[in-house]
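Let's take a walk through this structure together, from the whole chain down to single residues. Have the model open and turn it as you read.

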Amino acid sequence: LGLRFVRRSHATTAQSDLWVNVYGDAQVYLMGRHTTVECIELPDGTTTLLGVEPLEFMGIEPDLRNQRLVLLPDEEWLRV
């Protein structure tokens, strides 16, 4: 992907403990919004996950009851 290597870090997943490469400046675009985050490289076959913090940075929150993502109005999340 051409991302900038930042560091190696220890991570715990549901499957194991492992050392991962951390990369910076990953651009995430979702539901018409975007943010820049660090991301980690996981072994092939590992299920990936977008964390809650990137969602918060974009003003998107999970609606767990209805299993969907909800865009917050611009005036609610842009003032942070």
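Among contacts in the chain between residues at least 6 apart in sequence, what percentage join residues at least 24 apart? The answer is 21%. Keep in mind as we go that this is a predicted model.

Let's begin with the overall layout. The chain holds 2 helices and 5 strands, and if you trace these elements from the N terminus you meet them in the order β-β-β-α-β-β-α. Along the principal axes, the C-alpha atoms fill a box of roughly 40 × 30 × 20 Å. The radius of gyration is 15 Å, whereas a compact globule of 80 residues would have a value near 12 Å. Of the 80 residues, 25% count as buried.

Now look at the surface. The chain exposes about 6400 Å², and 52% of that area comes from carbon and sulfur atoms. As for charge, there are 7 positive and 12 negative charges, and their mean positions lie 1 Å apart.

With that picture in mind, turn to the aromatic side chains, where the structure holds 1 aromatic pair. The partners are F5 and Y23, with ring centres 5.9 Å apart and planes at 75 degrees; an angle over 60 counts as edge-to-face, so that is how this pair is classed. The pair links distant parts of the chain, since F5 sits in strand β1 (residues 4-12) and Y23 in strand β2 (residues 17-30), 18 residues apart. F5 itself is partly exposed, with a relative accessible area of 45%.

Next, move on to strand β3 (residues 33-41), where you will find T35. Is T35 buried or exposed? Its relative accessibility is 10%, so T35 counts as buried, the cut-off being under 20%. Leaving aside neighbours within four places in sequence, T35 is in contact with A26, Q27 and V28, and also with P54, F57 and M58.

I40 lies in strand β3 too, but its relative accessibility is 41%, so I40 counts as partly exposed. Beyond its neighbours within four places in sequence, I40 contacts V20, N21 and V22. You can also check the spacing between I40 and A26: they are 14 residues apart in sequence, and their C-alpha atoms are 10.0 Å apart in space.

Further along the chain, strand β4 (residues 60-63) contains D63. With a relative accessible area of 17%, D63 is buried. Not counting residues up to four places away in sequence, D63 touches R68 and V70. Compare that with D44, which is 19 residues from D63 in sequence and 29 Å from D63 in space, C-alpha to C-alpha.

Finally, let's visit two loops and their backbone angles. Most residues other than glycine have a negative phi. Which value does M31 show? The phi of M31 is near 55 degrees, a positive value in a residue other than glycine. M31 is found in the loop between β2 and β3 and, at 37% relative accessibility, counts as partly exposed. Q67 also has a positive phi, about 50 degrees, although Q67 is not a glycine. Look for Q67 in the loop between β4 and β5 (68-71). At 74% relative accessibility, Q67 counts as exposed.

Technical notes
Residues numbered from 1 in each chain as written. Predicted model: local features only at pLDDT ≥ 70, side-chain atom pairs only at ≥ 80, totals over all residues. Heavy atoms only, no water. Helix = DSSP H or I, 4+ residues; strand = E, 2+ residues; numbered from the N terminus. Rg over C-alpha atoms; globule rule 2.2 N^0.38 Å. Buried < 20%, exposed > 50% of the residue type's maximum accessible area, 1.4 Å probe, protein only. Contact = heavy atoms within 4.5 Å. Areas by Shrake-Rupley, 256 points an atom, 1.4 Å probe, with all protein chains shown as cover. Lys, Arg positive; Asp, Glu negative; His and termini not counted. Charge placed at Lys NZ, Arg CZ, Asp CG, Glu CD. Phe/Tyr/Trp six-rings, centres within 6.5 Å; stacked < 30°, edge-to-face > 60°.
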